[in-house]
Structure formats: structure tokens, C-alpha cells
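Biologist: I'd like to go through the open and enclosed spaces in this one, then see how the inside is packed. Can you walk me through it?

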Amino acid sequence: MASIAFIGLGNMGNPMAANLVKAGHTVLGFDLVTENLEIAAKNGVTVMASAAAAVKDADVVITMLPAGKHVLSVYADIAAKVRKGALFIDSSTIDVDSARKAHGIASEHGLLSIDAPVSGGVGGAEAGTLTFMAGGSADAFAKASPILEPMAGRVVHCGEGGAGQAAKICNNMILGISMIAVGEAFVLAEKLGLSHQALFDVASTSSGQCWSLTSYCPVPGPVPASPANRDYKPGFAAALMLKDLKLAQEAAQSAGAATPLGAEATQLYTLFNAMGHDSTDFSGIINFLRGKQS
Ligand code: NAD
């Protein structure tokens with residue numbers, strides 16, 4: 001069993017750390033928010049007074065932070081304070097350039113590192129069924145895999161440093177675009193007098209089939225577990241979808257890739273968020289498309 005430092009014990013970090021404790025690891029945690037530390041302590045995490053104190057004797061350091069600037073600042077703070085041979089795993093969703101810089105900080109200090117963002121949301125974090133998309137050397141991935149296992153349904157090695165973040169934002173760009181496409185189709189069907197169920201029955205078994213339709217249908221009825229059936233309570237909040245779409249746009253600009261639909265989806269989610277829907281599930285964009293403006 002490993003000694004694991006867990007930095008960033010928010011909505012995702014706390015249940016992830018709890019699953020590591022349940023698997024028998026020693027977990028030392030740090031967060032800036034006292035309430036989050038109290039939850040962590042109840043889950044069996046040993047709460048520390050600083051990131052530096054948490055990482056001092058750790059075999060593995062996991063970060064689950066809001067954005068690239070937080071990850072780089074924590075890495076700059078702790079890289080010289082961990083013991084030799086420690087492994088860094090960053091599971092935050094951050095921009096690809098910052099992810100590569102984070103690997104650079106680790107490697108300057110002779111440390112192995114992977115970027116390992118996740119999909120599956122808070123539900124997946126609680127159930128220990130997250131999909132991890134990992135970027136880093138084969139050695140780092142081999143060392144990280146057993147640590148990720150109690151938190152994971154699936155772990156995919158996507159390539160060298162930054163490849164995990166690249167996979168995450170490409171996937172979520174597909175998701176953002178496809179949710180708008182499915183929403184538009186239902187709005188058009190309504191105008192044409194076609195029932196939700198009829199469109200679902202046809203498209204879910206035809207060439208329009210996709211996850212946004214079959215697992216996360218944006219109208220109530222056809223998929224009982226989708227957020228549309230509970231007034232668009234997330235799920236996956238529109239603010240997080242916008243964050244990921246913006247990261248995809250930043251990466252597209254930096255890499256010179258043409259992503260016109262990704263750009264359009266970013267615009268639509270920017271408007272949806274600006275109308276006060278940042279805490280609405282991202283599938284609620286169908287109401288914006290109907291022009292309800294509420
Ligand atoms: P969150 O805001 O609930 O948690 C982030 C935590 O980091 C906060 O508790 C904050 O206090 C802490 N923090 C910030 N700076 C810190 C520092 N310097 N030292 C220690 N702690 C610090 O966010 P979350 O929902 O847990 O998401 C975390 C990451 O996972 C984000 O990058 C997000 O995009 C990604 N993600 C979230 C979801 C989701 O459904 N919530 C799904 C997939 C990926």
C-alpha cells in the first residue's frame with residue numbers, strides 16, 4: 001500500500017481520496033477550504049496544514065485542482081519537497097500547454113509524472129468508476145495504474161505528457177457539439193409535430209445515434225435517468241462544459257487546428273452560462289435553443 005498525498009479535495013477530489021482510503025492506502029490531504037478538509041477527515045484522510053506537509057513522505061502526489069495555474073503553482077511549491085522517486089499524477093482538467101509545463105517541472109526534479117484527467121463526474125468519483133485518460137512515459141503509466149485502479153472503471157494510456165488532457169478536451173468538444181445537435185433535432189421535431197419518443201426510437205437506432213441522445217437525452221421521457229427528467233439538475237454543469245470547450249478552443253488555436261463547430265458550441269454555451277445557467281446541466285441548452293430564455 002502506498003502513502004498518497006491528495007491536493008485539492010473538492011467535489012471530485014474528496015470522493016476520489018475516499019476510495020483510495022477504502023483500498024487501504026494512507027492518504028494525506030490538503031485543500032484551501034476548511035469544509036472540504038472536514039469532509040476529508042470524516043472519510044479517513046489525514047488532513048495536513050499545507051501541501052508541502054502533505055507531500056513530504058509521499059510515494060505518490062495526486063492533484064485535483066480547478067485550472068492550469070493552480071496545478072503549476074502547487075507543482076512549483078512541492079517539486080523540491082517530495083522524496084526521490086515520488087510520482088506526480090494530475091487529474092485536474094487543464095490546458096495542454098500547462099500540462100506539458102507541469103511534466104517539465106516534475107522532470108527537472110527527476111520525478112515521474114502523468115496527466116490523468118477524468119470523465120464520469122461526481123457520480124463516477126463516488127462509485128470509483130471514473131475513466132482516466134493518461135499522458136506520460138510508459139514507466140510513469142505503469143507506476144500510476146495500480147494507484148488509479150480503486151478510483152477507475154477504465155484507464156487508457158493516450159501517449160506522452162499532455163496526451164491525456166488532449167484526449168479529454170477532444171472528447172468533450174464532441175460532447176458539447178453533439179448535445180447541441182441533438183437538442184436542435186428535438187426542437188425541429190417539435191415544430192414538425194413529431195413526438196419526442198418517435199424521434200428517439202428512430203434516431204437511437206439509426207445514423208443519428210450518439211451518447212448525447214441515448215444516454216443523456218435532453219428531453220424528458222425516452223431516457224429516464226437523464227437530467228432532463230429532473231429539471232436539468234446536473235449531472236455535468238454548463239459551467240464545466242464551457243470550461244472544457246474553451247480549453248479545446250485554446251488548444252485548437254495553439255495547434256493551428258480548424259474547429260468551426262467547436263467554436264460555435266463555445267459561443268452558444270457562453271451565452272447559456274451568461275443567462276445564469278452555469279449550474280444547470282449542460283443538456284438544458286435545449287431550452288435556450290427553444291428560445292425560452294429562462
Ligand atoms: P472543485 O472546485 O470542487 O475542487 C477544486 C478544489 O481545489 C477546491 O476545493 C479548492 O479549494 C482546491 N484548491 C484550489 N487551489 C488549491 C491549492 N493551491 N491548494 C490546495 N487546494 C486548492 O472542483 P471539482 O469539481 O472537484 O473539479 C476538479 C477538477 O476536475 C477540475 O479541473 C474540473 O474541471 C475537473 N472535473 C470535474 C468534473 C465534475 O463533474 N465536477 C468532472 C470531470 C473533471
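Biologist: Let's start with the second largest pocket. Which element supplies the largest share of its lining?

Modeller: Keep in mind that this is a predicted model. Helix H5 (96–108), H8 and H11 each bring at least two residues to that lining. Ala 251, Ala 252 and Ala 255 are among the residues closest to the pocket's centre. With six residues, the largest share comes from H11.

Biologist: What volume does that second largest pocket have?

Modeller: Its lining is made of 16 residues, with Val 96 and Ile 169 also among the closest to the centre. By class, they split into 10 nonpolar, two polar and four charged. The volume comes out at about 260 Å³.

Biologist: And the largest pocket, which element gives the most to that lining?

Modeller: That pocket holds about 1400 Å³ of space. Its lining counts 48 residues, and Met 12, Met 64, Thr 93, Phe 236 and Leu 240 are the closest to the centre. Elements giving two or more residues include helix H4 (68–78), helix H6 (121–127), helix H8 (163–191) and helix H11 (238–255). The top contributor, with six residues, is H8.

Biologist: How many charged residues are in the lining of the largest pocket?

Modeller: Nonpolar residues number 23 there, and polar ones 20. That leaves the charged class, which has five.

Biologist: What about enclosed space: which elements give two or more residues to the lining of the largest cavity?

Modeller: There is one cavity of 30 Å³ or more, and the largest has a volume of about 40 Å³. Its lining includes Ala 99, Ala 102 and His 103, along with Ser 113, Ile 114 and Asp 115. The elements giving two or more residues are H5 and strand S6 (112–115).

Biologist: Now the packing. Which element gives the most residues to the largest nonpolar core?

Modeller: That core has 31 residues, and Ile 114, one of the cavity-lining residues, is among those touching the most other members. Strand S1 (3–7), helix H1 (13–22), strand S8 (130–135) and helix H7 (138–148) are among the elements giving two or more residues. The most, five residues, come from H7.

Biologist: Which residues from Ala 140 onward does Ile 114 touch?

Modeller: Leaving out residues up to four places away in sequence, Ile 114 touches Phe 88, Ile 89 and Asp 90, among others. His 103, Ala 134, Gly 135 and Gly 136 are on the list too. From Ala 140 onward, the contacts are Ala 140, Phe 141, Ala 144 and Leu 148.

Notes
Residues numbered from 1 in each chain as written. Predicted model: local features only at pLDDT ≥ 70, side-chain atom pairs only at ≥ 80, totals over all residues. Heavy atoms only, no water. Core = buried A, V, L, I, M, F, W, Y, C linked by side-chain atoms within 4.5 Å. Buried < 20%, exposed > 50% of the residue type's maximum accessible area, 1.4 Å probe, protein only. Helix = DSSP H or I, 4+ residues; strand = E, 2+ residues; numbered from the N terminus. Contact = heavy atoms within 4.5 Å. 1 Å grid on protein atoms, 1.4 Å probe; cavity = no way out; pocket = protein on both sides within 12 Å on 5 of 7 lines; lining within 4 Å. Points joined across faces, edges and corners; volume = space filled by probe spheres on them. Nonpolar A, V, L, I, M, F, W, Y, C, P; charged D, E, K, R; others polar.
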